[in-house]
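Subject: Structure for you to look at

Hello,

Here is the structure I said I would pass on. Please open it beside this message, and my notes follow below.

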Amino acid sequence: QLCINFANEKLQQFFLLQVFKAEEELHVKEGVPWKEVEFQDNAPCIDLLEKPPNGILRLLDSQCKTPNATEATFCKEINTTHGKGGFLAPTRLKRLRDEEGFIVRHYAGDVAYHTSAVVSASTGHAEVPWLEKNNDTLQEEWLGQLAGSSNAILAELFRPAHEAATKAKKTASFSSVGKRFVNDLNSLLVELRSAKAFFIRCIKPNMEQAAKSFTPTMVLDQLRCSGVVEAVRVMQEAFPTRIPFEDIHGRYAKLMGEEVVRECGDDPAAFCEAIAIACEVSNRDYALGLTRLFLKAGCGAFLEDLATMDPSTVVPLLIEKIAQSKRKRAAATILGYRLLGWWHAKRFKQHREAAAVAQQAVRTLRARRQYAAWSLARQERLKKEAAERALREAEERARREAEEAARIEEEKLRKQQEEELK
């Protein structure tokens with residue numbers, strides 16, 4: 001089970017490298033816009049399983065060669081060495097002791113691996129221990145007997161192993177299932193990297209194994225764990241369809257007329273861009289790299305077929321599409337000027353109306369300020385006039401009082417003189 005899950009981890013890493021990192025490197029190398037997409041990288045889990053010197057499979061080989069080692073010491077060594085790492089879960093989560101097993105956090109979920117004693121106790125059947133399962137070494141005497149067999153097939157099969165065991169040192173003669181599995185898996189991945197990979201994801205729809213029945217949460221969890229959701233997001237954000245410039249420019253540029261060549265130019269990138277525009281590919285659906293044309297998924301199907309179609313059939317279609325595109329660009333230019341003129345006229349009308357409103361507001365504000373100034377001056381003038389009038393009235397009253405006092409004094413003096421004459 002550990003070998004199966006390790007193979008799944010390696011294949012998942014291969015999928016991630018092909019879909020995410022390879023896509024990013026290609027887009028950056030070609031100078032095409034790239035938007036970062038987060039994904040769960042399982043490289044630390046693979047290092048936990050195979051990285052020397054303390055990977056789980058490496059520790060298993062080491063325990064197989066250690067005297068008096070048992071699977072209990074093997075499990076305890078794993079939990080002691082990697083207990084603080086992020087991809088080895090604590091055994092207490094499964095109610096185990098460190099010497100009874102270990103728990104690996106795989107990309108698809110946590111998996112508990114038990115010792116043969118725990119498995120035998122739970123199932124009632126005898127189980128082969130880890131160290132014995134991993135030991136794939138044949139004694140040199142057995143190899144000698146098999147290599148010297150009278151059966152030609154047996155002799156041919158075991159002669160190389162016997163010769164290698166004879167030449168090898170005693171310490172290097174140990175052979176393990178885990179090591180051989182890792183080597184075979186790495187060889188498989190080398191072959192996969194040298195070929196063009198296509199991925200088929202198998203999704204378990206339900207736990208009942210019933211036809212035409214889907215458990216949404218179960219399916220979604222599988223899609224998330226396998227990276228399919230992130231892969232779909234990459235396909236939406238990136239340009240998954242790529243056509244080398246030479247596939248279009250090299251096949252059709254020399255067959256076009258002079259007018260078309262002058263219109264598109266002799267540069268491969270400009271020629272392919274003109275063809276893409278003529279095929280009504282939106283500006284946001286394509287991008288020009290250094291050596292190829294990048295297209296969004298599902299866009300430019302006609303462009304993809306150009307690389308394999310017969311030039312005698314395609315050239316008239318391209319010429320017609322380019323001419324049609326030229327007419328559309330001319331019509332778009334005229335329409336653009338008309339629309340721009342209408343927009344300027346509308347904007348001028350809006351500005352004129354806004355200016356009239358602004359002028360009215362300014363005149364109103366100016367009139368209010370003038371009225372406020374006039375009202376203030378009038379109040380001050382009225383106050384001044386009232387003060388002057390009060391002053392004049394006071395002076396007139398004082399003058400009359402003085403005259404009355406003088407008249408009374410004169411009358412009093414006259415009466416006094418009259419009395420004296422009597």
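Helix α14 (residues 268-278) lies across β5 and β6, and its direction is at about 170 degrees to that of β5. Please keep in mind that this is a predicted model.

The strands just named belong to an open sheet of three, in the order β4-β6-β5, and the pairing is antiparallel. Strands β4 (241-244) and β5 (286-288) are at the edges with a single partner strand each, so one side of each has no neighbour in the sheet. On average, neighbouring strands here are turned by 20 degrees against each other, direction ignored. Helix α1 (residues 2-30) also packs on this sheet and touches β4, β5 and β6. The direction of α1 makes about 125 degrees with that of β6.

Within the sheet, β4 pairs with β6 (residues 292-295) in the antiparallel sense, over four bridges. In this pair, threonine 241 is opposite leucine 295 in β6.

The other item is a pair of helices. The axes of α3 (residues 56-64) and α4 (residues 71-82) come within 10 Å and cross at roughly 140 degrees. That angle makes α3 oblique to α4. The crossing of α3 and α4 is right-handed.

Which residues meet there, between α3 and α4? From α3 they are Ile56, Leu59, Leu60 and Gln63; from α4 they are Thr73, Phe74, Glu77, Ile78, Thr81 and His82. The residues of this contact divide into five nonpolar, four polar and one charged.

Regards

Key:
Residues numbered from 1 in each chain as written. Predicted model: local features only at pLDDT ≥ 70, side-chain atom pairs only at ≥ 80, totals over all residues. Heavy atoms only, no water. Axes fitted to C-alpha atoms, helices over the stretch in contact; angles between N-to-C directions. Helix = DSSP H or I, 4+ residues; strand = E, 2+ residues; numbered from the N terminus. Parallel < 35°, antiparallel > 145°, perpendicular 65-115°, else oblique. Left-handed = near helix turned anticlockwise from the far one by under 90°. Contact = heavy atoms within 4.5 Å. Nonpolar A, V, L, I, M, F, W, Y, C, P; charged D, E, K, R; others polar. Pairing = 2+ DSSP bridges.
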